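Thank you for sending this one over for a second look. My comments follow as numbered points, after the sequence and the structure themselves.

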Amino acid sequence: MSKARKVPKIAIIGAGKMGEAIISGLLKSGVYRPQDIQAFEIIESRRKYVTQTYKVECLDDVKKAATFGDITIIAVKPGDVGKVLEQIGPAMKPGKILVSIAAGVTLEFLRKYLPKNVPVVRVMPNLACFVREGMITFCPSENTREEELKTVNETLGLLGRVMRLDEKYLNLATGLVGSGPAYIYLVIDALADAGLRLGLPKDISVILAAQTTLGAAKMVVETGEHPAKLKDMVVTPAGTTIEGLLELERGGLRALLISAVTKAAERAKELQPA
């Protein structure tokens, strides 16, 4: 998205952690300024925090926020989506786009609250949007035009890597993309604790673990190599790494991570409002 062109105004309905992550990422991109974004939040202390931290107007009037936005992003709990859509439906005039990041909430559910000509894009981002390194999966409604989809794509692209998926895959992606950072944070924390156990100061150990994780992930993304191949590049015959990998296999780390992602995906499906 060119800095020279007029950016679509963003309304974020729900200024929780993911709403804040989107605000942070958009502002860090340098493309958006605080006056290009408005938020809605029911908790007064949270409204004050967002306004003070990001200089973004955070309102207690959801209709006013939705009226402001060219793109309105629903970032509330799945069970609250219907109530929010009932309130903002009249504000969703032609030319506006609705984006929902609510886990498990289908395009069909979203569209039944809106005028027929309003395009809807269902999105699953993750917390790394804070630092513009998010993984963002999305699926548009059938009435979304190419120009509108391009606008959403360019905006989401400011927050990280964007990938289009069929809607049937979005709940599955939620277990991996949406919840995945928590599993990685757990791994980083465990690696840092290992450093602590061996005698490294915790603050140093955390940086070592985090940068090691970041570098390993970047190798996968930038080289396009299979993780198993990159793993084999680290391992040497009778060396240190193979001993560590053996311990991980004994502990069932691989199976536990697979199970965790599966359980999270199943839960995402259960969150679909009636």
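**Notes on the predicted model**

1. Arg 132 is found in the loop that lies between strand S6 (120-124) and strand S7 (134-140), and, since what you have is a predicted model, its backbone deserves a careful look. Phi of Arg 132 is near 65°, a positive value in a residue other than glycine. Most residues other than glycine have a negative phi. As for its surroundings, Arg 132 is partly exposed, with a relative accessible area of 33%.

2. Lys 55 also has a positive phi, near 60°, and is likewise a residue other than glycine. The residue sits in the loop between helix H2 (44-54) and strand S3 (57-59). Its relative accessible area is 61%, and because exposed means over 50%, Lys 55 falls in the exposed class.

3. Which residues have the most contacts inside the largest nonpolar core? They are Ile 12, Ile 23 and Ile 37, in a core that has 33 residues. Helix H1 (residues 17-28) gives the most to this core, contributing five residues. Apart from this core lies another, of 30 residues, which includes Ile 74, Met 92, Phe 109 and Val 120. As general background, nonpolar side chains in soluble globular proteins tend to be buried together.

4. The surroundings of Ile 37 can be listed in detail: once its neighbours within four places in sequence are left aside, Ile 37 is in contact with Ile 10, Ile 12, Ile 23, Leu 26, Leu 27, Tyr 32, Val 56, Glu 57 and Phe 68.

5. Is Thr 72, a residue of strand S4 (residues 71-74), buried or exposed? Its relative accessibility is 0%, and because buried means under 20%, Thr 72 counts as buried. Leaving aside neighbours within four places in sequence, the residues in contact with Thr 72 are Ala 11, Ile 13, Ala 66, Ile 88, Met 92, Ile 97, Leu 98 and Val 99.

6. Helix H7 (residues 170-178) and helix H8 (residues 180-198) pack with their axes 4 Å apart and at an angle of about 30°. Because angles under 35 degrees count as roughly parallel, H7 and H8 are described as roughly parallel to each other. On the H7 side the contact is made by Gly 175, Leu 176, Val 177 and Gly 178, while H8 supplies Gly 180, Pro 181 and Tyr 183. Sorted by class, the contact of H7 with H8 has four nonpolar residues, three polar residues and no charged residues.

Definitions and conventions: Residues are numbered from 1 along each chain as its sequence is written. This is a predicted model: local features need pLDDT of at least 70, side-chain atom pairs count only at pLDDT 80 or more; totals for chains, interfaces and linings use all residues. Side-chain values use heavy atoms; hydrogens and water are left out. A nonpolar core is a set of buried Ala, Val, Leu, Ile, Met, Phe, Trp, Tyr and Cys residues joined through side-chain atoms within 4.5 Å. Buried means under 20% relative accessible area, exposed over 50%, partly exposed in between (1.4 Å probe, protein chains only). Helices (H or I, at least four residues) and strands (E, at least two) are DSSP runs, numbered from the N terminus. Contact means heavy atoms within 4.5 Å. Axes are lines fitted to C-alpha atoms, for helices over the stretch in contact, and angles run from 0 to 180 degrees between N-to-C directions. Angles under 35 degrees count as roughly parallel, over 145 as roughly antiparallel, 65 to 115 as roughly perpendicular and the rest as oblique. Ala, Val, Leu, Ile, Met, Phe, Trp, Tyr, Cys and Pro count as nonpolar, Asp, Glu, Lys and Arg as charged, and the others, Gly among them, as polar.
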